[in-house]
Amino acid sequence: VTGIVIKKLDYMAEDEIITILTNDELLSFIALGTRKITSKNRNALGLGNIINAEIFRARLTNKLSKLKKAVLVKQPPLMVSDTAEVLFEIMKNIQLVKVPSNSLFRAFLESYRYFGENHNHHVKTFVTFRVLDTIGLMPKTDSCVECSRKDRINGFEFYLGGFTCAWHTKKERHIDWLKAINDLSLSMDYYSKVSPSVNKQIYLELIDFIKKNNYFK
């Protein structure tokens, strides 16, 4: 399976329990001996790494699968800028996921090449936005959430469920803010061009929305 390492827990004296996000599941398995320096699988299992893993699947639901072999496909440039700090926050947000979605997996893969390129915080917003899809809170970004009109869109609120038109908007948003939300729903290529100040505002509102829905303690 191909997956992203999103969680690591020490287990027993030398082992770890690893959780990876794939395109259709959250998969946890025991990685034997990977806390030993001599482990051949150790380096592949860094947080945020994309790996190809050979897994012995557990037959019983109360048992964990076991790792046979892990091969590193790609890893974030942790020594560049604030990548390590941002990646840690992304992983924390991804761990909210209960039911994985292909859109979240693809969003992470799509944004990977932007790590360390002065877009780390854009990546954080882009991936966290897709977490909403997995917890049933993805906003509507193609028309007014109240009447489905596609014209005269001038508002957006996470708590209202998406875009609103002139007839249903309680708080007008600047055109740059509305365009940024649209770009956020499209691709990282578009969203990477959003100004850092607008991205920061969107991320703060996004996290506040998630917290108010009791997905953060």
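Strand 1 and strand 2 form a hairpin with 3 residues between them. Met12 lies in this turn and has a positive phi of about 55°. The model is predicted. The two strands of the hairpin run antiparallel and are joined by 7 bridges. Val5 has Ile20 of strand 2 as its bridge partner.

A hairpin also links strand 2 to strand 3, here with 4 residues between the strands. Strand 3 spans residues 26-31 and pairs with strand 2 in the antiparallel sense over 6 bridges. In this pairing, Ile17 stands opposite Ile30 of strand 3. Strand 2 is mostly covered, with 7 of its 7 residues buried. In a regular strand the side chains alternate between the two faces of the sheet. Asp15, Ile17, Thr19 and Leu21 point one way from strand 2. Glu16, Ile18 and Ile20 point the other way. Both sets are buried.

Strand 4 (residues 50-56) pairs with strand 5 (residues 65-74) in the antiparallel sense, over 7 bridges. Ile55 stands opposite Leu67 in strand 5. Taken together, 5 strands close into a barrel in the order 1-2-3-5-4, with mixed pairing. Neighbouring strands of this sheet are turned by 40° against each other on average, direction ignored.

Helix 2 (residues 102-111) lies across strand 1 (2-11), strand 2 (15-21) and strand 4. The helix runs at about 95° to strand 1. Its buried residues are Ser103, Leu104, Phe105, Ala107, Phe108 and Ser111. These buried residues of helix 2 pack against strand 1 and strand 2, and also against helix 1, helix 3 and helix 5.

Two further helices pack side by side. Helix 1 covers residues 83-94 and helix 3 covers residues 120-134. Their axes come within 10 Å and cross at roughly 5°. Helix 1 is therefore roughly parallel to helix 3. From helix 1, the contact involves Thr83, Val86, Glu89, Ile90, Asn93 and Ile94. From helix 3, Asn120, His121, Val123, Lys124, Val127, Thr128 and Val131 take part. By class, the contact of helix 1 with helix 3 has 6 nonpolar, 5 polar and 2 charged residues.

In soluble globular proteins, nonpolar side chains tend to be buried together. The largest nonpolar core of the model has 44 residues. Those with the most contacts inside this core are Ile90, Ile94, Phe108, Leu132 and Ile202. Strand 1 supplies at least two residues of the core, as do each of helix 1, helix 2, helix 3, helix 4 (175-186), helix 5 (188-191) and helix 6 (196-212). Helix 6 gives the most, with 7 residues.

Ile94 illustrates how these elements meet. Residues up to four places away in sequence aside, Ile94 touches Ile6, Leu21, Phe108, Val127 and Val131. Apart from the largest core lies another, of 13 residues. Val5, Ala31, Leu45 and Ile55 are among the residues of this other core.

Note on methods. Residues numbered from 1 in each chain as written. Predicted model: local features only at pLDDT ≥ 70, side-chain atom pairs only at ≥ 80, totals over all residues. Heavy atoms only, no water. Pairing = 2+ DSSP bridges. Axes fitted to C-alpha atoms, helices over the stretch in contact; angles between N-to-C directions. Contact = heavy atoms within 4.5 Å. Parallel < 35°, antiparallel > 145°, perpendicular 65-115°, else oblique. Nonpolar A, V, L, I, M, F, W, Y, C, P; charged D, E, K, R; others polar. Core = buried A, V, L, I, M, F, W, Y, C linked by side-chain atoms within 4.5 Å. Buried < 20%, exposed > 50% of the residue type's maximum accessible area, 1.4 Å probe, protein only.
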